[in-house]
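Subject: Structure handover, with notes on two interfaces

Dear colleague,

Please find the structure below, together with the notes I made while going through its interfaces. I would be glad if you could read the notes with the coordinates open beside them.

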Amino acid sequence: MPEGIAEGIGASVRRKEDRKFITGRGRYTDDINRAGQLHAFFVRSDVAHAKIKSVDIKKAAAMDGVAAVYTGQDIADDGVGGLICGWVVPNRDGSATHEPPHPILAKDKVRYVGDHVAMVVADSLATAQAAAELVNVTYETLPAVVDLASAATAAEIHDGMANNTYFDWELGDEAATADAFSKAKHVVSATLRNNRLIPNAVEPRAAVAEYDHIADSYVLHSTTQNPHLLRLVICAFVLNIPESKMQIVAPDVGGGFGSKIYLYAEEACCTWAAKKLRRPIKWTADRTQAFLSDAHGRDHINKVQMALDDNNKIIGLRVDTLANLGGYLSAFAVVTPTYLHGTLLSGCYAIPAIYTNVKGMATTTAPVDAYRGAGRPEATFLLERMMNIAAAEIGMDPAEFRRINFIPKDAFPYQTAVALQYDIGDYEAPLDRALEMIDYKGFESRRAEAAKRGKYRGIGLSSYIEACGIAPSAVVGALGGRVGLYESAVVRVDPTGTVSVFTGAHSHGQGHDTTFAQIVADKLGIPLANVEIVHGDTNRIPFGMGTYGSRSLAVGGTAISKAVDKVIEKGKIIAAHMLEAADSDMEFKDGKFAVAGTDKEKSFGEIALSAYVPHNFPHDRLEPGLEETAFYDPLNFTYPSGTHIAEVEIDPATGVVTLVDWACCDDFGNLINPMIVEGQVHGGIAQGVGQALLENAHYDENGQLLTASYMDYCMPRADNFPSLQVDYTVTACTHNDLGVKGCGEAGAIASPPALINAVVDALSPLGVTDMTMPASPEKVWRAIQNAQTKAAE
Amino acid sequence: MPTVSMKVNGQSVSHDVADNTLLVTFLRETLGLTGTHIGCDTSQCGACVIHVNGASVKSCTMLAAQANGADVTTIEGIANGDELHPMQQAFHENHGLQCGFCTPGMIMSAIELVETNKNLSEQDIREGLEGNICRCTGYHNIVKSVQDAAQKMGG
Ligand code: FES
Ligand code: FES
C-alpha cells in the first residue's frame, strides 16, 4: 500500500456500497416494475404427499383480470425440463445417485407442503391471489414421510427409488477404522441430531421476467447469488433457450446464505410464461412461501464413535449419517452432506483412521440444501460435541484434550484420512488467544458466583476447521461435480486511469464493492474512489460462478489480482517503449512505472492514456487498450480455522439460556478489510446461536410445517446477544496470491457446538450430559427437572 | 376508491387507492418510495418501519387510508440534502449493515428509540430493536451504530 493511502489491503475502509442502502436507494428485485407487467401467484400443495387427481382451473381462469392459469400439464406439454442436481456421488455399491424428476409445476404427484401445483398470472397480485383460491385441486393423499430415522421403511416417495434413499455414500478406510477401534483403550459413542433450519434472508426471493418477441430474447431479474449459474441451468436444462438470448440480472440482493444459489421453480415458470403471454411477469415470495419453499438447511442424524488410545489420542472415528434431503433433490443437496461434510470429519485433529457413511434420504418435506456453512457446520457440530463428550468421559479438560489432539503446526501440509490436504494452520494459537480473551482460567469462580445467584453457568468451546474457497475444478469434477468452480475477472482501465472491475462473484451483503476495490487500488497505487466493481449482470460480467462457500475473496479476489497483474505487465511494456528502456528494467511501484535505478518514470494514468491514444506505442508487440481478463481456478481449498468460546447462564426456574459472553479467535489468513471480516464473523455467530438456541423447522406427522412464520420460527434478535469479542491469528494461505482463506461461514460453523457445550457444562453438576438443538427453555427446564427427580430417587 | 392524502417526506400527496391498500404498498407502489421494504407477512421483521406523525410504525400493519392527513417520513426523507442523518452516518461508520435490506427499517426504529429515550444502555438498545430482524450483522455493529448516533444526537 502506498504510504499515506489508508485504503489499501488491510485497512478497515468504510464500505462504498453503504450510501445507497442507508438512504433507501438500494434496488432490489421487488423494487423493479415494468410497464404492462403481470403478477404471478402459485397454487401450492397443502398436503405433504399425494397423487394429483385433477386440477380444475376453470373458475380461476374466468376471473376478471386473470391472464392465464398454468398447470403441470401445460409445462409438460411444452416440453419444459425439470430442475436439476448439480453434483452427484457414487453409491457404495458403485451405482449412481438416484435423481428423480423435479418438474417446475407438479403434474402427477406432490411431495411436500408448498410444492408448486399451478401458476396464476393476473393484472394485479391481489387478483392472482384471489384467483388462486379458486383453483380446485383434488388429491389422493398418501402417507406423509416426516421422521428421518424411519424414512427408509416408510411410503415410497419416488417411483422405483428403493428405501427412499437418494444415495448411500462412503468415504475413508472402513477396515483401518475398524482396526483402530479394536485397539482402542476407550470408545466414546453418541447419536447427535443436527436440527433443521430455514435460511430466512430478510429479502424474500423474487423474480421479474421479460421477453422481447422481436429479438426473441429474455431478461430475468432475480434474487440470485450466482447469475451465470442460474442462466446456464434455466437455458440449458429447463427452458431450452440459447444462453446468448438470456440476460440475468441480480441487482441488490438482500442476503442469501445459500438459499439463493439454486434455480427455483417460480423464476423458471415466470420466464416461461413471459414468452407465452408476451408480458413482463413479476413474482415476489411472501414470508410464508419463503418458509415453505426456500431450500431448508442441515437436518442430520449422526451416529458417532470415537476411539482413543492410552494417551487420550484419537485413533479412529466412525460416523454414520442420515441426511434429510426432502421431497426432491435440490441443486447441491447431494454434495452438502457428502463432500462438504465427510471430508471435514478430521477437524483440526490428527486422526489416522476415519470412515463415514452418509445416506441421503427422501421425506415429504421441502428440499434441503446448502445453508451458511453447508455440511461443515454439521461435521463441526458432531466432532466438537464428541470432543467434549470424550473429554468428560476420560476426565480431561476439554481445551487440553483438543490441544493434545491438534495437528501440530509443523505437520503441514497435512493429509487427512478423509481426502483433504490442509496447506497450513496453527490451531493452538487461536485456542490460546480465545482462552485468554474469555478468561478461561477464571471461569470456575464465575460459575460459583452465578450459583450464589441461583444460576447455572457454563462454558463451551469449539475448535473448527472449514474447507472453503470453493473449489479446484479438477477435484470437483473427479468427485461428481457438474460445474467448474473457478472465478473470473475483467479489469478494464479507462483512458483517464480509472478502473472498472467486472467480477463473476456476487455481493449480497459481503461488501465486495469495497474489498475488491481495495485489492485493485492497493496493487495499482490509485485512489479507491477510482475503482468501480461491477457484478450481478450476465450481460456485463465475464462468465462466473457466483458467491457461496466463502469463495468470493479467495477465488474471485485472486482472479481480480491476477487480472491486475496482467494489466501491470502490459503497462510495463508500454512504459518501456515510451521510456526507451528494456522491459526487464521496468518496475511498477506506488502507481508508477519506472526504469530501475533511474528517475525515468511514467505514471499509471499516463500509461492508461497512451494505451488508448497509442501515438507512441509498441504496436509491433501489443494491441492497444488496457483491459485484461483472468479466470482463476484454485489449486486447493482454503482452510480457515479457529476457536470459539461461549459462556452461558441458565435460569433453572424458566430454563432460559442467556448467552453472557462470546470470545473467538479465527485464522482467515490475510485480511483485506478487517471491519468487513469482523461483520461476517458476527453474522455467522448469530446464525449459529440461532441454530443452537432458538431456531427449528418443525413438521408435524402429517407433513405440515408448523413453523412457517416469524411467530413460530424463532429468529435471533438483538436482545439474544451480548457484545461479541473477536480476534484473529494469521497463517497465510499458501496457494493464492493474496494469502487469504475466506470468512463468511466460519461463525455459523464454529458456534453451535460451542453453545451446546456451554449449556451441557452448565448443567453438568446435575448430571446432564447432552442437549439437543435448539436448547429451548422448555427442553432445558425439562432436563433440569428430570435430573433433579433422578437425584431425588 | 377513496382518496388518501398525506404529507410524505414533506410533500403533500393525494391518490385514489383501494380500501385494503396497506400503507407500505402505497409508499412502494403508488409513490415509488421503495426504500421501505417488506420482509414478512406477520408484522414481525420491521423492514417496513417508517415514522407516522413522528412515531415509528410498521407500515405493513396500517392501511393507507389510516394515514390520511398524517405526516409520514420514510428512509428517503431523513437526510438533509446530501447531509446524512446522524443515524445513517453512524450505520456507515460502524458497519451497521451488510445486505442493506433490514437497514431502512432498522434506522427508522433506531431514530425513534434515540429521540424518545435518554441515556440508552446497550441492553436498552438491544431490547428497543427487538422488533427488527437482521439476518446478516448479528446486531453487534447495529448496536454500536445506535450508541454512536445517540451520542451525536445528544441522546
Ligand atoms: S414487513 Fe415485516 S414487519 Fe412489516
Ligand atoms: S443487513 Fe442484511 S438483513 Fe440486516
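Across the interface of domain 1 of chain B and domain 2 of chain B, seven residue pairs are found in polar contact, both partners being at pLDDT 80 or more. Please keep in mind throughout that this is a predicted model.

On the domain 1 side of that interface, the elements that contribute two or more residues are β3 (49-52) and β4 (55-58) of chain B, and the residues of this side divide into seven nonpolar, 10 polar and one charged. The count of salt bridges between the two domains is zero.

As for the division itself, chain B consists of domain 1 (3-77) and domain 2 (86-152), and the centres of these domains, taken over C-alpha atoms, are separated by 21 Å. In terms of residues, 18 from domain 1 of chain B are in contact with 14 from domain 2 of chain B. The area buried between the two is about 1200 Å², of which 60% comes from carbon and sulfur atoms. Within domain 1 of chain B, the residues that lose the most area to domain 2 are B:His37, B:His51 and B:Ile75, which together account for 41% of what that side buries.

Turning to the interface between the chains, the contact takes 52 residues from chain A and 46 residues from chain B, and about 4200 Å² is buried between chain A and chain B, with 54% of it on carbon and sulfur atoms. On the chain A side, A:Ile22, A:Val202 and A:Arg717 supply 18% of the area buried against chain B, which is more than any other three residues supply.

The polar side of this interface can be described in similar terms. Four salt bridges are found across the interface of chain A and chain B, and in a salt bridge between B:Arg28 and A:Asp30 the side chains meet at 2.8 Å, N to O. In addition, 28 residue pairs are in polar contact across the interface of chain A and chain B, again with both residues at pLDDT 80 or more.

The elements of chain A that give two or more residues to the side touching chain B are α1 (18-22), α8 (287-293) and α17 (674-694); of these, α17(A) gives the most, with eight residues. Taken as a whole, the residues on the side of chain A that touches chain B divide into 23 nonpolar, 16 polar and 13 charged.

With best regards

How values were computed:
Residues are numbered from 1 along each chain as its sequence is written. Chains are lettered from A and ligands numbered from 1 in the order in which they are written. This is a predicted model: local features need pLDDT of at least 70, side-chain atom pairs count only at pLDDT 80 or more; totals for chains, interfaces and linings use all residues. Side-chain values use heavy atoms; hydrogens and water are left out. Domain bounds come from an automatic or database domain assignment. Contact means heavy atoms within 4.5 Å. Buried area is the accessible area (1.4 Å probe) that two parts lose on being put together, summed over both. A polar contact is a pair of N or O atoms within 3.5 Å; within protein, one must be able to donate a hydrogen and the other to accept it, and residues adjacent in sequence count only if both atoms are side-chain atoms. Helices (H or I, at least four residues) and strands (E, at least two) are DSSP runs, numbered from the N terminus. Ala, Val, Leu, Ile, Met, Phe, Trp, Tyr, Cys and Pro count as nonpolar, Asp, Glu, Lys and Arg as charged, and the others, Gly among them, as polar.
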